[in-house]
Amino acid sequence: MNIDSINNGIVIDHIEAGKSMEIYKHLGLEYLDCSVAIIKNVKSKKTGKKDIIKIDNSIDINMNILGYIDTNITVNIIKDGKIIEKAHMELPQKLINIIECQNPRCITTTEQEINQIFELTDKENRIYRCKYCETQAKK
């Protein structure tokens with residue numbers, strides 16, 4: 001298989017195998033007017049398999065989404081065919097409009113204009129709770 005290298009754009013690397021489509025959806029990559037390559041189940045020395053997403057354009061990426069989905073992800077910014085920046089993900093302290101509260105009595109289910117805000121309450125167990133009703137987020 002031959003996937004072209006990109007001259008200017010972004011490579012999202014070290015994605016847990018099978019998670020690339022979730023990232024594609026959350027980042028809204030289907031709406032881009034540029035080439036986007038999803039490479040699934042690539043051999044990896046560290047994890048056995050991984051996914052990679054290549055975006056042939058420089059765009060703003062919501063790093064909180066990536067950190068929430070998989071903290072092992074790296075984001076490489078490519079300019080003139082060279083990596084000029086490499087970012088490693090961390091669990092974000094706060095998620096805004098990334099996940100939705102499942103509590104039917106939460107104010108966010110009745111008031112549509114309120115942001116869905118979740119805060120990290122247990123880093124070790126990756127637990128987020130709704131800011132308004134403290135319901136634990138489902139992963």
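This report walks through a few local features of a predicted model, from one strand and helix to a lysine between them and then a separate sheet topic.

## Strand E1 and its partners

Let us start with strand E1, which spans residues 9-16. This strand is mostly covered, with six of its eight residues buried.

E1 has two pairings worth tracing in the structure above. With strand E4 (residues 74-79), E1 pairs in the antiparallel sense over five bridges; here glycine 9 stands opposite isoleucine 78 in E4. With E3, E1 also pairs in the antiparallel sense, again over five bridges, and glutamate 16 stands opposite lysine 50 in E3.

## Helix H1 and its buried side

Following the chain onward, helix H1 covers residues 20-27. Its buried residues include Ser20, Ile23 and Leu27. These residues lie on the same side of H1, because they cover an arc of only 60 degrees around the axis.

What lies over the buried residues of H1? The cover includes E1, strand E2 (36-44), strand E3 (48-55) and helix H2 (63-69). Just after H1, glycine 28 takes a positive phi of about 70 degrees, a handy spot to check on a backbone plot.

## Lysine 19, between strand and helix

Lysine 19 deserves a visit of its own. Its place is in the loop between strand E1 and helix H1. Is lysine 19 buried or exposed? Lysine 19 is buried, yet has no salt bridge. The nearest side chain of opposite charge belongs to glutamate 22, 4.2 Å away, and a salt bridge would need a side-chain nitrogen of Lys within 4 Å of a carboxyl oxygen.

Which residues does lysine 19 touch, leaving aside its neighbours within four places in sequence? Lysine 19 is in contact with Asp51 and Ile69. Asp51 falls within the span of strand E3 (48-55), and Ile69 within that of helix H2 (63-69). Both E3 and H2 are among the elements that cover the buried residues of H1.

## The sheet of E6, E7 and E8

Now to another part of the chain. Three strands form an open sheet in the order E6-E7-E8, with antiparallel pairing. Strand E6 (94-96) and strand E8 (127-130) are the edge strands, each pairing on one side only. On average, neighbouring strands of this sheet are turned by 30 degrees against each other, direction ignored.

Strand E7 (residues 117-122) and E8 pair in the antiparallel sense over four bridges. One place to look is aspartate 122, whose bridge partner in E8 is isoleucine 127.

Key: Residues numbered from 1 in each chain as written. Predicted model: local features only at pLDDT ≥ 70, side-chain atom pairs only at ≥ 80, totals over all residues. Heavy atoms only, no water. Buried < 20%, exposed > 50% of the residue type's maximum accessible area, 1.4 Å probe, protein only. Lys, Arg positive; Asp, Glu negative; His and termini not counted. Contact = heavy atoms within 4.5 Å. Pairing = 2+ DSSP bridges. Axes fitted to C-alpha atoms, helices over the stretch in contact; angles between N-to-C directions. Arc of directions from axis to C-beta.
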